Structure formats: structure tokens, C-alpha cells
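Hi,

Here is the structure I promised to pass on to you. Have a look at it first, and then read on for what turned up.

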Amino acid sequence: MKIRAGSNILFDVTTKDRTIEPPALFNPATSVKITLIDPAGTVVIDDVAMSNVSTGLYRYQYQTTGASMLGSWLVWFKATDSAVIVSTPNLLAFTLVAS
């Protein structure tokens with residue numbers, strides 16, 4: 001997905017309890033966090049808590065600027081439920097292009 005520099009980006013994550021059938025949305029006991037990495041590999045947002053919008057839905061808002069590095073950005077999400085930690089691999093979040 002291409003995003004213009006200076007744009008506001010919303011990241012939404014859903015968490016589901018897969019120990020029940022069918023899997024249901026739930027809120028992890030501890031946290032849901034986001035890490036955002038720029039094209040140079042610099043961690044811009046490091047393990048920051050996401051806002052709980054509703055059961056099982058978490059959101060983080062990130063504002064890019066004209067000075068934000070252009071190119072492909074990565075994102076990583078981590079949900080912690082007591083001692084259990086589930087995380088995604090680094091995923092391509094967006095490609096930042098000139099405004």
C-alpha cells in the first residue's frame with residue numbers, strides 16, 4: 001500500500017482466542033504493542049501500547065511527515081496474555097512516497 005508523506009496512518013489489530021471454537025475476539029490480559037521500522041532499519045516506534053477500541057480490536061495512529069524516510073516500512077505486533085506472548089513477523093506495512 002502506498003502512503004503519501006505527511007499522511008496519518010491507522011493500524012488496526014484484532015486478537016482472537018483460538019483455544020475455543022469458533023475463535024472469538026478477546027482482550028489479552030497484559031497488552032498489545034506495535035513496533036514500526038523505517039526503510040533504513042531504524043526502529044521509529046518501539047514496543048508501544050496500542051489503544052483498545054473494543055473487545056479484541058486495538059488501534060495505533062501514526063503521523064508521517066515530509067521528513068519521514070521514503071520507501072518500504074515494516075511493522076511488528078505483539079500481544080501478551082499473562083505469560084503467553086504471540087507476535088507477528090516483520091510485515092510490510094506501507095511504502096511511503098513523496099507528497
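One thing to keep in mind: this is a predicted model.

Let's start with a sheet. Three strands form an open sheet in the order E2-E8-E7, and their pairing is antiparallel. E2 and E7 (51-54) are the edge strands: each has a single partner strand, so one side of each has no neighbour in the sheet. From one strand to the next, the twist averages 35°. In case the pairing idea is new to you, strands of a sheet pair through backbone hydrogen bonds, and they can be parallel or antiparallel.

Now zoom in on one of those pairs. How many bridges join E7 to E8? There are three, and E8 covers residues 57-63. If you want a spot to click on, try serine 51, whose bridge partner in E8 is arginine 59.

Next, the largest pocket. It holds about 390 Å³ of space. Its lining is made up of 18 residues, and the closest to the centre are Thr15, Lys16, Phe26, Ala79 and Val86.

Which strands supply at least two residues each to that lining? They are E2 (8-14), E3 (16-17), E9 (71-81) and E10 (84-87). So you'll meet E2 twice, as an edge of the open sheet and as a part of the pocket wall. E9 gives the most to the lining, with five residues.

As for the chemistry of the lining, eight residues are nonpolar, five are polar and five are charged.

Have fun exploring!

Technical notes. Residues numbered from 1 in each chain as written. Predicted model: local features only at pLDDT ≥ 70, side-chain atom pairs only at ≥ 80, totals over all residues. Heavy atoms only, no water. 1 Å grid on protein atoms, 1.4 Å probe; cavity = no way out; pocket = protein on both sides within 12 Å on 5 of 7 lines; lining within 4 Å. Points joined across faces, edges and corners; volume = space filled by probe spheres on them. Helix = DSSP H or I, 4+ residues; strand = E, 2+ residues; numbered from the N terminus. Nonpolar A, V, L, I, M, F, W, Y, C, P; charged D, E, K, R; others polar. Pairing = 2+ DSSP bridges. Axes fitted to C-alpha atoms, helices over the stretch in contact; angles between N-to-C directions.
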